[in-house]
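Here are some notes for your read-through. Please keep the structure open while you go through the points.

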Amino acid sequence: MILRAILVLAAVALARAHESHSHRHSNHDGGDDDDSASYVDPSLKHCKYTRESAVKCAQKYADLNGDGLICSAEIEALKAAVLWLPERIWSMLHSASNTMEHCDHDRDGYISEHDFYHSTRTCLATCEGLVDFTERICQRAERDNIRLPEVACE
Ligand SMILES: [Ca+2]
Ligand SMILES: [Ca+2]
């Protein structure tokens, strides 16, 4: 049963990796331009969740020391607390460094609100990613009213 779930998740991951590769070739590469903050993926227009609510959720549940920034260790701690085993295995394959890579726009090792708003092409960029994050992480953290201890950011 668990093995089957892992296989399904792996297949989903592969499909996504493929999608994100074929996706990214528009006139602006890298998303460093000024318009990266205003870019909205078409799939987000009718999505049931918004990036704004995801950002609030991330600040509430992942910013464990309340400094307004989210580091890799904080992401890992939250994932460890809310994800099921097969999801964690899947997540390990795509680890926190991946989230940092996608969301830490200025590459200083911390995800700030500024980073979120300037990584609209890469970080929680599609409705699928948003649903995934909201339902697997935010809603579970909310449901369990999770309060994690501080972790050290390096
Ligand atoms: Ca923090
Ligand atoms: Ca940053």
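1. At which residue does α7 bend, and by about how many degrees? The bend is at threonine 134, and its angle is about 35 degrees. Bear in mind that this is a predicted model.

2. Threonine 134 is also one of the buried residues of α7. The others are Gly129, Leu130, Ile137, Cys138 and Ala141. Their cover includes α2 and α3. Look at these helices together.

3. Now the overall layout. The chain has seven helices and two strands. Read from the N terminus, the order is α-α-β-α-α-α-β-α-α. The chain counts 154 residues, and 24% of them are buried. Take the contacts with a separation of 6 or more: 70% of them join residues 24 or more positions apart.

4. The largest nonpolar core holds 22 residues. Ala54, Tyr61, Ala62, Ile70, Leu78 and Ala141 have the most contacts inside it. Four elements each give two or more residues to this core: α2 (51-61), β1 (70-71), α3 (72-82) and α7 (127-143). The largest share is that of α7, with four residues.

5. Tyrosine 61 deserves a separate look. Leaving aside residues up to four places away in sequence, tyrosine 61 touches Leu78, Cys138, Ala141 and Ile146. Of these, Cys138 and Ala141 are among the buried residues of α7. Leu78, like Tyr61, is listed with the residues that have the most contacts inside the core.

6. Next, backbone angles. Most residues other than glycine have a negative phi. Please check three exceptions. Asparagine 145 follows α7 and has a positive phi, near 45 degrees. Arginine 107 and leucine 124 are taken up below.

7. Is arginine 107 buried or exposed? Arginine 107 counts as exposed, because it has 9 C-beta neighbours inside 10 Å, and the cut-off for exposed is 12 or fewer. This residue sits in the loop between α5 (96-103) and β2 (110-111). The phi of arginine 107 is positive, near 60 degrees.

8. Leucine 124 also lies in a loop, the one between α6 (113-117) and α7. Its phi is positive too, near 45 degrees. Leucine 124 is buried, because 26 other C-beta atoms lie within 10 Å and the cut-off for buried is 20 or more. So two loop residues with positive phi differ in burial: arginine 107 is exposed, whereas leucine 124 is buried.

Note on methods
Residues are numbered from 1 along each chain as its sequence is written. Chains are lettered from A and ligands numbered from 1 in the order in which they are written. This is a predicted model: local features need pLDDT of at least 70, side-chain atom pairs count only at pLDDT 80 or more; totals for chains, interfaces and linings use all residues. Two residues are in contact if their C-beta atoms, placed from the backbone, lie within 7 Å. A nonpolar core is a set of buried Ala, Val, Leu, Ile, Met, Phe, Trp, Tyr and Cys residues joined through C-beta atoms within 7 Å. The bend at a residue is the angle between axes fitted to the seven residues ending there and the seven starting there.
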